[in-house]
Amino acid sequence: MYPIILLSVLGIVVLFLGFMKSKNILLPATLLFLALALGSNFIDWNQGPLLYFYGMFSVTNLTLAFNAIVLISAFLIVAMTRGFQDDEEAQPAEYYGIMLFSLVGAIMIIGYEHLIIFFVGIEILSVAMYILTGSDKRNLRSNEASLKYFLMGAFATGIMLFGIALLYGATGAFSLTGIRGFVSTAAGAQSYILYAGLLLLLIGMLFKVSAAPFHFWTPDVYDGAPSIFTTFMSTIVKTAGFAAIFRLLSHSFAGIYDFWYITLAVITVLTLFVGNVVAVYQDSFKRMMAYSSISHAGYLLIALTALTAQTERSILFYSMAYSVATISAFGVLMLIAKEKSLDGRPNESYDAFNGLAKQNPLLAFVLTVSMLSLAGIPLTAGFWGKFFVFSSAADRGLIWMLVVAVLMSAVGIYYYFRVVIASYMKEGNTGKIRVAPFYQIVLVAATVITILFGLAPGFFEQLL
Amino acid sequence: MSASLLILIPLLPLIGFLINGIGFRRVPKGAVGVIGSLAALGSFAVSVAVLSAFKAAGSEPQVVSLFDWITVGNLNIPFSFQIDQLSLLMLMIVTGVGSLIHIYSIGYMKHDEGFGKFFAFLNLFLFFMLLLVMGSNYVIMFIGWEGVGLCSYLLIGFWNTNTNYNNAARKAFIMNRIGDLGFLLGIFTIIATFGSVEYTEVFSQATGLSIGDPVVVTITLLLFVGAMGKSAQIPLFTWLPDAMAGPTPVSALIHAATMVTAGIYMVIRSNVLYSLAPFTLEVISIVGIATVLLAASIGLLQNDIKKVLAYSTVSQLGYMFVALGVMAYSASMFHVITHAFFKALLFLGAGSVIHAMSDEQDIRSMGGLRKKLPITFLTFLIGTIAIAGIPPFAGFFSKDEILAHAYEHNKLLWALGVLGSLMTSFYMFRLLFLTFFGQFRGTHEQEHHLHESPAAMTIPLVILAIFSAVGGFMGVPEALGGTHQLAEFMSPLYEGARQVNPEAFAATTLSHSEEFMLMGISVAAALIAAIAAYVMYVSRNSVPAPDTAERSSLERLVYNKYYVDELYNGVFVKPIAGLSNLLYSFGEFFIDLIVLGTGRLVKGVSGQLRQTQTGSVGYYIFAMVVGIVAILFWNLLIR
């Protein structure tokens with residue numbers, strides 16, 4: 001609750017700071033504000049389940065943990081922006097302000113107790129993303145991506161709102177508890193209006209986390225957006241989105257699990273298949289990462305489909321592992337793409353990584369650890385993330401889904417290792433890349449977190 | 001006892017490893033040895049502090065939990081240390097003897113270009129060995145177990161430009177892997193049976209089982225396979241003599257005093273389980289005594305100073321297993337301790353000789369060294385007397401205790417043990433006489449170069465010699481009017497075992513006169529062997545024949561180590577290599593077909609599927625609508 005208020009106010013403060021002559025204050029100020037928001041997040045820690053805003057917003061330790069992951073990811077990403085000094089057209093104050101506002105939306109959908117709060121939150125988040133996607137104003141691809149994202153997002157919003165309306169029509173309630181009350185009645189468990197509402201709302205949400213067949217926007221948007229905002233989208237939106245879907249399903253619709261799980265299972269398998277298989281064909285690392293984010297949505301969907309007592313924790317762990325690895329991967333990509341830029345445009349193909357390890361062993365190592373974690377190789381956090389997700393599915397007996405998931409992880413190894421092979425084994429003439437100290441700290445921190453939780457996953461549990 | 005103090009014990013060597021390992025070639029040579037040795041000495045000092053705190057607190061075993069490590073389903077594996085009598089004794093040996101050997105290495109390895117690397121590996125070894133003995137569950141023990149195996153591999157192949165040395169390192173690693181497989185299966189069986197790997201939990205559950213329970217027999221046998229590998233017992237012993245390819249301090253630390261005793265530590269740690277499995281104990285004592293005799297007989301004819309000591313180590317480890325087999329756990333630990341002293345001493349002495357002889361290891365080229373190397377000679381003499389079992393030196397007490405327990409258990413076992421002791425005394429005195437007595441038989445250059453080693457090397461020798469001389473007094477038998485302090489100290493470890501198998505821990509039935517007789521016989525055997533060696537190699541001045549000489553068939557059999565290596569080569573290595581070649585030439589085709597085929601298939605599907613990403617928003621929305629309609633249609637109408 002406190003971060004929502006703090007971030008809203010501080011976002012406006014950042015906008016005002018933009019009037020100052022010197023732009024150098026913006027980056028440290030934003031980082032400070034994020035740190036403040038993170039600190040305020042823990043005021044409610046261990047205070048037990050709390051309800052705020054007339055019972056429309058709930059706070060538990062787990063939602064606070066999701067908030068923390070989102071805020072820490074945002075902190076790491078903002079630290080990598082370097083104040084947007086490279087781009088003369090950039091509007092740093094606006095970007096930072098919008099990022100802070102979007103976090104308000106993310107936190108709202110992590111802890112909503114009322115569908116209106118959810119809707120407002122997801123729109124805050126989405127509109128912010130439409131703008132950031134198009135922030136590279138002179139770049140046609142960025143503009144195109146932004147417009148596509150907006151058109152399709154608006155469509156999905158319509159569907160979602162329709163779903164919410166139907167749910168209200170069926171149950172007479174917007175609150176999760178109210179809906180659960182209706183679902184648990186005999187009439188509720190059979191209501192077709194309720195079913196239709198749930199499906200449409202779910203479809204809208206699945207669009208936001210790019211599950212197939214609602215994923216088509218993802219590769220184009222991720223590819224077209226400036227890399228730094230792609231990182232933001234693929235970590236923060238995804239983490240918050242999954243927290244939100246989990247909340248909806250577990251708090252309101254656990255009673256009719258048998259109704260929705262088959263649909264979700266089919267979507268899961270489709271998402272895993274599309275994400276992993278199409279990633280194989282990409283020549284651009286960035287586009288591969290877009291498909292990779294689709295495939296990780298698939299793995300997270302496995303946990304949702306299983307919906308056991310452990311699901312929330314496994315989603316939490318997985319989001320953490322995935323976010324950290326993604327941030328370090330994009331961090332390295334941004335450095336390389338700028339170093340190897342062609343005609344002033346960043347070069348994001350696999351070839352740009354050739355021979356990286358010779359002159360830049362640290363970058364190559366960071367990249368390798370991140371790829372290993374994304375591929376789910378043991379001794380990285382990504383392995384345990386997958387392990388927890390898979391074991392929850394095994395507990396539910398969803399073996400056929402696991403078989404697909406494991407096969408698809410094997411496919412994943414192919415495209416994740418391509419870049420590792422390029423950086424260690426291929427010939428190339430990457431010079432020594434100068435990495436700003438702050439940037440380096442972010443990369444090393446992300447790598448250390450990945451290895452630490454890979455060695456001792458129990459440590460994470462203890463933090464909760 | 002605070003956790004922060006305990007964690008320092010393994011942490012210090014780890015820090016030493018990191019400094020010397022990462023800073024290799026950058027840390028000045030003078031600092032490398034000091035850092036490495038200080039790390040070892042530091043953890044020795046902390047261990048002493050922990051020991052005194054432990055005694056002051058009433059000798060209560062303690063488990064200090066550091067953090068939850070792995071939680072999977074119902075299985076929870078914490079990262080925690082257990083401090084009790086057994087781990088403390090091992091700590092003292094590992095850090096104490098380890099520190100001396102670190103200091104010795106400063107002198108011994110001074111001229112080696114891999115000086116920093118050497119100390120880094122030694123520190124890393126200490127770290128893993130300390131994890132092994134301090135861990136409070138089988139999984140941490142396993143990490144240490146694998147870690148010391150890795151360090152052993154790295155250090156055997158330390159001079160990696162020599163192919164033979166690399167092969168020796170590989171042999172050690174592979175043979176240990178065979179044992180490790182058994183150990184790992186044992187741990188899995190423990191998890192399946194008890195649902196935990198924590199010692200306290202496993203042993204308290206085990207006390208509910210009955211003697212001879214097949215599950216316990218399986219577990220103990222599997223664990224013993226691990227011990228066979230690590231502690232070089234038949235049939236997995238051949239790696240240890242080859243491991244002498246490593247630098248001599250490594251042989252002293254890893255392949256004599258500490259790592260090879262890990263198997264014994266593990267059995268004593270699991271004494272509750274072993275006390276429940278008489279069949280396994282029977283197997284252990286048979287394997288143990290067979291190893292004693294086989295290795296000792298090979299030792300009789302070896303001419304390489306380190307090889308003799310290596311076979312002697314194998315044979316002494318055999319004695320320790322004999323003791324375990326008759327459930328004389330304290331006696332076994334006693335021998336581990338005294339053996340650590342005198343065998344480390346003998347190896348370091350041998351190192352001093354090799355150092356003086358400009359890397360010559362063949363005792364046929366030595367002789368008369370006692371005048372040039374007085375300190376080395378005196379300390380080596382003490383070590384020899386100690387290992388031969390002549391009172392009042394350390395080896396006498398520990399070996400005699402083992403033999404007494406063996407006698408109680410089975411007269412034949414005792415008789416074979418005495419035979420082994422006779423051989424031990426002979427080959428050790430043969431080594432001593434050929435090296436230090438008579439005339440110098442090496443080249444003129446070597447003779448010119450002969451010198452006593454520097455103080456960094458002789459001081460550890462002297463300290464170890466003192467312990468080899470008086471170390472036995474911690475366990476004086478009652479018959480000689482002493483108290484067995486070690487057995488009293490270790491007694492609380494067997495609470496559980498005593499509960500499940502009270503007969504095994506009944507007071508001794510031997511009368512004092514019987515004990516005196518046993519002692520007399522074994523001392524007489526040792527003395528006779530020593531005199532025989534004196535007559536042969538000093539009075540008659542005979543020197544072992546060169547390798548090319550004609551030998552009788554029995555002599556040839558022993559000289560060539562019973563052709564065990566050749567046997568393994570013929571029975572295991574060659575058929576496996578043949579099969580591997582066959583599969584390579586034949587199977588590769590099919591595997592390539594499958595692998596490449598799958599790859600092409602995925603890529604083909606990927607290429608097709610990629611076409612769906614057209615870039616047109618109208619198409620995308622159409623696809624979404626189709627998806628939505630399909631979902632609604634199926635869920636609301638068909639179902």
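Buried area is the accessible area, taken with a 1.4 Å probe, that two parts lose on being put together, summed over both. I write this down before anything else, since the size of an interface is often given in this way.

**Entry 1, the contact between the chains.** I am working with a predicted model, and I began where chain A and chain B meet. Between them the two chains bury about 3,200 Å², and carbon and sulfur atoms account for 76% of that area. I then looked up who takes part, and found 45 residues from chain A and 31 residues from chain B in the contact. On the side of chain A, the residues that lose the most area to chain B are A:Phe155, A:Phe216 and A:Tyr281, which together make up 20% of what that side buries.

**Entry 2, chain B as a whole.** I turned next to the secondary structure of chain B, which comes to 26 helices and two strands. Its radius of gyration is 28 Å, and the globule rule gives 26 Å for 639 residues, so I noted chain B as being as compact as a globular protein of that length. Along the principal axes, the C-alpha atoms of chain B fill a box of roughly 105 × 60 × 50 Å. Of the 639 residues in chain B, 56% are buried. I also looked at contacts in chain B between residues at least 6 apart in sequence, and 81% of these join residues at least 24 apart.

**Entry 3, surface and charge of chain B.** The area that chain B exposes is about 25,000 Å², with 67% of it supplied by carbon and sulfur atoms. For the charges, I found 32 positive and 35 negative side chains in chain B, and the centres of the two sets lie 11 Å apart.

**Entry 4, B:Asp112.** I located B:Asp112 in the loop between α3 (85–108) and α4 (115–134) of chain B. Its relative accessibility is 15%, and because buried means under 20%, B:Asp112 counts as buried. Leaving aside residues up to four places away in sequence, B:Asp112 touches B:Lys29, B:Phe158 and B:Trp159. I also checked B:Asp112 against B:Ile628, which is 516 residues away in sequence and, from C-alpha to C-alpha, 73 Å away in space.

**Entry 5, B:Tyr563.** I found B:Tyr563 in the loop between α24 (553–559) and α25 (564–610) of chain B. With a relative accessible area of 33%, B:Tyr563 is partly exposed. Again leaving aside residues up to four places away in sequence, I noted that B:Tyr563 touches B:Arg556 and B:Leu557.

Key. Residues numbered from 1 in each chain as written. Chains lettered and ligands numbered in written order. Predicted model: local features only at pLDDT ≥ 70, side-chain atom pairs only at ≥ 80, totals over all residues. Heavy atoms only, no water. Rg over C-alpha atoms; globule rule 2.2 N^0.38 Å. Buried < 20%, exposed > 50% of the residue type's maximum accessible area, 1.4 Å probe, protein only. Contact = heavy atoms within 4.5 Å. Areas by Shrake-Rupley, 256 points an atom, 1.4 Å probe, with all protein chains shown as cover. Lys, Arg positive; Asp, Glu negative; His and termini not counted. Charge placed at Lys NZ, Arg CZ, Asp CG, Glu CD.
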